[in-house]
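Hi,

Here's the structure I said I'd pass on. Have a look at it first, then read my notes underneath.

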Amino acid sequence: MIELNATVTRRCSKIQEMDYQAEARNGIRFRKLFGTLPDVLVPEMYSELTSHRVLVMEWVEGQRLSEVNDLRLVE
């Protein structure tokens, strides 16, 4: 029974991670909290176009932090 509970918990967690409407709400919140900081660009979320299975946000040109070996080199 314990193993079944763990499996159900993991699956529910995965389903929540795939809720793009929730991700859009998180993005909007993140933009409100950190979007005014210098050198921080948070893409705009388009909630009216976002669904449970599709996330629509602004395209931002730039370099991903995961692609930078030395963050001091980011300008």
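Below is what turned up, starting with the ground rules and then going through the pocket, the charges and a few single residues.

This is a predicted model, so local features need pLDDT of at least 70 and side-chain atom pairs count only at pLDDT 80 or more, while totals for chains, interfaces and linings use all residues. Residues are numbered from 1 along each chain as its sequence is written, and side-chain values use heavy atoms, with hydrogens and water left out.

Pocket first. The largest one has a volume of about 920 Å³. For the method: on a 1 Å grid over the protein atoms alone, a pocket is an open set of points where a 1.4 Å probe fits, with protein on both sides within 12 Å along at least five of seven lines, and lining residues have an atom within 4 Å of a point. Points are joined across faces, edges and corners, and the volume is the space filled by probe spheres set on them. The lining of the largest pocket comes to 22 residues, and L41, V42, P43, V60 and Q63 lie nearest its centre. By class, that lining has 12 nonpolar, four polar and six charged residues (nonpolar is Ala, Val, Leu, Ile, Met, Phe, Trp, Tyr, Cys and Pro; charged is Asp, Glu, Lys and Arg; the others, Gly among them, are polar).

One of those central residues, L41, sits in the segment after helix 2 (helices are DSSP runs of H or I, at least four residues, numbered from the N terminus). L41 counts as exposed at 60% relative accessible area (exposed is over 50%, buried under 20%, partly exposed in between, with a 1.4 Å probe and protein chains only). Its C-alpha is 9.7 Å from that of G62, 21 residues away along the chain.

Now the charges. How many salt bridges does the count come to? Just one, taking a side-chain nitrogen of Lys or Arg within 4 Å of a carboxyl oxygen of Asp or Glu. E58 pairs with R31, with the closest N and O atoms 3.9 Å apart. E58 is in the segment after helix 2 and R31 is in helix 2, so the pair ties together parts that are 27 residues apart in sequence. Both ends are partly exposed: E58 at 29% and R31 at 33%.

D19 is the one I'd look at next. D19 lies in the loop between helix 1 (2-17) and helix 2 (20-34). D19 is buried yet has no salt bridge, and the nearest side chain of opposite charge, R25, is 4.5 Å away (Lys and Arg count as positive, Asp and Glu as negative; His and the chain ends are not counted). What the D19 side chain does make is a polar contact with the side chain of H52, at 3.3 Å (N or O atoms within 3.5 Å, one able to donate a hydrogen and the other to accept it; residues adjacent in sequence count only if both atoms are side-chain atoms).

Finally, three more from the segment after helix 2:

- T50 is buried, at 7%, and a polar atom of its side chain lies 2.9 Å from the backbone oxygen of Y46.
- S51 is partly exposed at 29%, with its C-alpha 6.4 Å from that of Y20, 31 residues apart along the chain.
- L55 is partly exposed at 29%, and the C-alpha atoms of L55 and Q21, 34 residues apart along the chain, are separated by 7.0 Å.

Cheers

Note on methods:
Helix = DSSP H or I, 4+ residues; strand = E, 2+ residues; numbered from the N terminus.
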